[in-house]
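Look over the sequence and the model shown here before reading on. The paragraphs that follow go from packed helices to a pocket and then to some details of the backbone.

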Amino acid sequence: MAYENTDNGTGAGGAEPGVSDSLRTFGAVVQALREHAGLSREEFADLVGFSKHTVASVEQGRRMPDRDFVERGETALGETGALRRAAPHLSRQAGLASWFRQWARLEAQAVTLWTYECRVVPGLLQTERYARAVTESVPPVKDEEQVAKQVAARLERQQLFARRPPIAFSFIVEQALVERGTGGPDVMRELLDHLLGLSLQFNVELQIMPRYQPDHAGFDGPLMLLESPDNKWFSYAEGQRGGMLITDPKEVSIMLQRYARLRSQALTSEDSRSLLKQLRGAL
């Protein structure tokens with residue numbers, strides 16, 4: 001199958017955030033195995049090299065365990081295999097749309113992650129205030145709890161930048177998105193400073209697609225690509241109220257070709273940084 005609709009057949013309603021029970025279930029398994037082994041949280045934390053508070057957060061389903069936690073946990077808890085088998089099926093925190101969580105599970109293990117955006121600055125690059133401005137702008141009207149939950153979920157994904165082994169990131173962002181003024185001048189200044197800082201990371205390539213570019217490979221809209229640890233490529237396409245995980249190798253190849261063309265059409269990383277600095281200075 002070329003496309004897997006990740007809204008699970010729920011239609012437009014699938015775009016609403018849902019509760020992630022898998023994190024709570026995983027945490028309960030960790031706690032049960034720890035207690036069966038006769039270990040306190042402090043003792044288990046020492047064995048896995050994480051703080052007691054991190055262990056508590058995982059056991060209570062409030063934190064996504066990273067690969068090191070899973071592997072060290074397996075060693076400390078007798079190599080049952082339960083944590084390794086469960087980890088790939090974890091969905092991320094509540095606040096991510098249900099149709100996005102399947103991609104988020106792949107994203108958490110990716111070795112390469114590429115993103116082209118023409119609608120809004122990608123979530124992985126957003127500041128908290130920019131994310132809030134975007135969330136509040138799009139109907140339906142949300143209460144403070146809904147806004148806070150969605151913003152927190154978006155920002156938590158940014159832990160991927162600190163993951164080890166590191167992910168190789170590439171972002172291509174339309175110039176109009178950093179000129180739109182979303183949230184006002186203060187929000188945009190903060191966003192531009194944030195983008196400039198991220199662009200200096202050794203594993204991040206950030207390119208701006210200039211306003212004038214007659215030959216443009218992105219007319220069909222935004223796209224995301226990732227490479228898994230076993231070197232398989234997947235793509236993701238998103239619309240107004242749903243998204244599709246693209247798994248067929250021929251279809252993914254088309255997306256790879258498009259992204260390669262977009263890279264050649266966008267400004268270089270150095271020229272992109274110069275443009276961002278100019279825009280920052282004009283605010």
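In which sense, left-handed or right-handed, does helix 9 cross helix 11? The model in which to look for this is a predicted one. Helix 9 passes helix 11 in a left-handed crossing.

Two packed helices are described by the angle between their axes and the distance between the axes. Helix 9 covers residues 185–198 and helix 11 covers residues 269–282; their axes lie 10 Å apart, at an angle of about 155 degrees. Angles over 145 degrees count as roughly antiparallel, so helix 9 is roughly antiparallel to helix 11. On the side of helix 9, the contact involves R189, L192, D193, L195 and L196, which meet R273, L276, K277, L279 and R280 of helix 11. Sorted by character, the residues of this contact are five nonpolar, no polar and five charged.

A second pair to find is helix 7, residues 128–137, with helix 8, residues 144–156. Their axes come within 9 Å and cross at roughly 130 degrees. An angle of this kind falls in none of the ranges for parallel, antiparallel or perpendicular, and helix 7 and helix 8 are therefore oblique to each other. The crossing of helix 7 and helix 8 is right-handed. Helix 7 brings E128, A131, R132, V134, T135 and E136 to the contact, where they meet E144, V147, A148, Q150, V151, R154 and L155 of helix 8. In this contact there are six nonpolar, two polar and five charged residues.

The third pair is helix 2 with helix 3. Helix 2 takes in residues 41–48 and helix 3 residues 52–59; they pack at about 105 degrees, and 8 Å separates their axes. Because angles from 65 to 115 degrees count as roughly perpendicular, helix 2 is roughly perpendicular to helix 3. The residues that touch are R41, E42, F44, A45 and V48 from helix 2, and K52, V55, A56 and E59 from helix 3. Five of the residues in this contact are nonpolar, none are polar and four are charged.

Helix 3 also has a part in a pocket. It is one of the helices that each supply at least two residues to the lining of the second largest pocket, together with helix 4 (67–76) and helix 6 (101–107). Which helix gives the largest share of this lining? Helix 4 does, with five residues. The second largest pocket has a volume of about 820 Å³. Its lining is made of 34 residues, and P65, D66, R67, A108 and Q109 lie nearest its centre. By character, the lining divides into 17 nonpolar, five polar and 12 charged residues.

The loops come next. A87 sits in the loop between helix 5 (82–86) and helix 6. Apart from its neighbours within four places in sequence, A87 is in contact with F26 and V70. Although A87 and S22 are 65 residues apart in sequence, their C-alpha atoms are 9.3 Å apart in space.

Some details of the backbone remain. Most residues other than glycine have a negative phi, and most peptide bonds are trans. Where does E79, with its positive phi, lie? E79 is in the loop between helix 4 and helix 5. Phi of E79 is near 55 degrees, a positive value in a residue other than glycine.

Cis peptide bonds can be found in two other loops of the model. The bond from P139 to P140 is cis, with omega near 5 degrees, and P140 lies in the loop between helix 7 and helix 8. The bond that joins R164 and P165 is also cis, with omega about 0 degrees. P165 belongs to the loop between helix 8 and strand 3 (168–174).

Terms used
Residues numbered from 1 in each chain as written. Predicted model: local features only at pLDDT ≥ 70, side-chain atom pairs only at ≥ 80, totals over all residues. Heavy atoms only, no water. Axes fitted to C-alpha atoms, helices over the stretch in contact; angles between N-to-C directions. Helix = DSSP H or I, 4+ residues; strand = E, 2+ residues; numbered from the N terminus. Parallel < 35°, antiparallel > 145°, perpendicular 65-115°, else oblique. Contact = heavy atoms within 4.5 Å. Nonpolar A, V, L, I, M, F, W, Y, C, P; charged D, E, K, R; others polar. Left-handed = near helix turned anticlockwise from the far one by under 90°. 1 Å grid on protein atoms, 1.4 Å probe; cavity = no way out; pocket = protein on both sides within 12 Å on 5 of 7 lines; lining within 4 Å. Points joined across faces, edges and corners; volume = space filled by probe spheres on them.
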